[in-house]
Amino acid sequence: AYRYTTVAMATLSYYFAPVIVTVASPFLFKEKLTARQVFCFIMSTLGLVLVIGVSRGGSSSDLIGILFGLGAAVFYASVVLLNKSIRHVSGINRTFFQFLAAILVLTPYVCLTGGSHLLDMDALGVINLLVVGVFHTGICYCMYFSSLRYLKGQEASILSYIDPLVAILVSVTFLHETITVFQVVGGGMILGFTVLNEVSMRAGGGGQDPREELRP
């Protein structure tokens with residue numbers, strides 16, 4: 001998607017994954033979708049639009065990029081929905097088997113499209129790759145898949161909006177990139193309506209002990 005359109009458009013189309021999860025959860029898991037959750041979801045989506053900042057204009061390749069982004073959204077939503085369907089399996093086991101499947105798929109693809117270039121990396125590159133693989137991929141994905149056992153589909157989808165917000169904060173703090181007033185407002189909307197949704201879920205009985213759901 002990033003090759004064919006802007007980062008903003010690719011990211012925005014990719015983050016339609018929570019929309020898919022929210023719409024599918026009532027049908028797949030019989031989860032009740034309240035009017036307040038719909039309202040919070042819509043307002044969080046508007047906040048996401050402000051944070052990302054959709055660029056104007058575009059070229060004929062934008063549609064291709066957006067379609068790739070939406071395709072990625074479908075597969076990402078499938079990850080959430082499939083993991084919600086898996087019971088009595090720990091997060092670390094889910095992570096292991098999903099990454100094992102990814103290795104089996106990617107290994108022949110890499111071999112057929114130019115091979116690996118690991119031997120050309122310097123020491124700093126190897127260290128960075130290990131940090132990304134161990135922490136940002138292994139540990140973080142294990143935490144994420146573990147959390148899906150205790151979250152409803154709507155909760156997981158709305159909380160995922162914190163992802164692009166954190167990306168903006170990190171870019172401002174560490175990369176010293178500028179942030180606009182619209183992005184600040186959008187970030188406040190994401191956090192505010194996420195908290196409102198969580199409070200409404202607890203007040204409406206959504207705060208049931210998640211272990212009850214896992215007991216036979």
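Here a trainee and a mentor talk through a predicted model of one protein chain.

Trainee: How many helices does the secondary structure of the chain come to?
Mentor: Reading from the N terminus on, the elements run α-α-α-α-α-α-α-α-α-α. There are zero strands to add to the tally. The number of helices is ten.

Trainee: What share of the residues of the chain count as buried?
Mentor: For this you need a cut-off: buried means under 20% relative accessible area. The chain has 216 residues to sort in this way. The share that counts as buried is 31%.

Trainee: And the accessible surface of the chain, what part of it belongs to carbon and sulfur atoms?
Mentor: Start with the total, which comes to about 13600 Å². The part belonging to carbon and sulfur atoms is 72%.

Trainee: Among contacts between residues at least 6 apart in sequence, what percentage join residues at least 24 apart?
Mentor: Good one to ask about a chain built from ten helices. Take the contacts between residues at least 6 apart, then keep those that join residues at least 24 apart. That leaves 87%.

Trainee: Let's look at single helices. What span is expected for α3 at 1.5 Å a residue?
Mentor: Helix α3 covers residues 35-52, which makes 18 residues. Its buried residues include Q37, C40, F41 and M43. From first C-alpha to last, α3 reaches 26 Å, and this is close to the expected 26 Å.

Trainee: Where does α5 bend?
Mentor: Helix α5 runs over residues 91-112 and reaches 32 Å from its first C-alpha to its last. The bend in α5 is about 25°, and a proline, P108, follows within four residues. After the helix comes G114, with a positive phi near 120°. The bend itself is at L106.

Trainee: Which helices do the buried residues of α5 pack against?
Mentor: In α5, the residues G91, R94 and T95 are buried. Their partners are two helices, one of which covers residues 62-84. The names you want are α4 and α6.

Trainee: Why does the distance between the end C-alpha atoms of α6 agree with what its 25 residues should span?
Mentor: The expected span is 1.5 Å times one less than the number of residues, so the 25 residues of α6 should span 36 Å. There is also a kink of about 25° in α6, centred on V132. The end C-alpha atoms agree with the expected span because they are 34 Å apart.

Trainee: Is V134 buried or exposed?
Mentor: V134 lies in helix α6 and belongs to a nonpolar surface patch with I127, V131, F135, I139 and M143. Together these residues have about 560 Å² of accessible area. The relative accessible area of V134 is 52%, and the cut-off is over 50%, so V134 is exposed.

Trainee: Now P164: is P164 buried or exposed?
Mentor: P164 lies in helix α8, residues 162-174. Leaving aside neighbours within four places in sequence, P164 is in contact with Y15, L48 and V51. Its relative accessibility is 8%, which is under 20%, so P164 counts as buried.

Trainee: How far apart are the C-alpha atoms of P164 and I52?
Mentor: Along the chain, P164 and I52 are 112 residues apart. I52 is one of the buried residues of α3. In space, the C-alpha atoms of P164 and I52 are separated by 7.6 Å.

Trainee: Last one: which residues is L165 in contact with, leaving aside neighbours within four places in sequence?
Mentor: L165 is found in helix α8, and at 8% relative accessibility it counts as buried. L165 and G187 are 22 residues apart in sequence, yet 6.0 Å apart C-alpha to C-alpha. The contacts of L165 are G187, I190 and L191.

Definitions and conventions: Residues numbered from 1 in each chain as written. Predicted model: local features only at pLDDT ≥ 70, side-chain atom pairs only at ≥ 80, totals over all residues. Heavy atoms only, no water. Patch = residues over 30% accessible without salt bridge, like charges linked within 9 Å, V, L, I, M, F, W, Y side chains within 5 Å. Areas by Shrake-Rupley, 256 points an atom, 1.4 Å probe, with all protein chains shown as cover. Salt bridge = Lys/Arg side-chain N within 4 Å of Asp/Glu carboxyl O. Buried < 20%, exposed > 50% of the residue type's maximum accessible area, 1.4 Å probe, protein only. Bend = angle between axes of the 7 residues up to and from the residue. Contact = heavy atoms within 4.5 Å.
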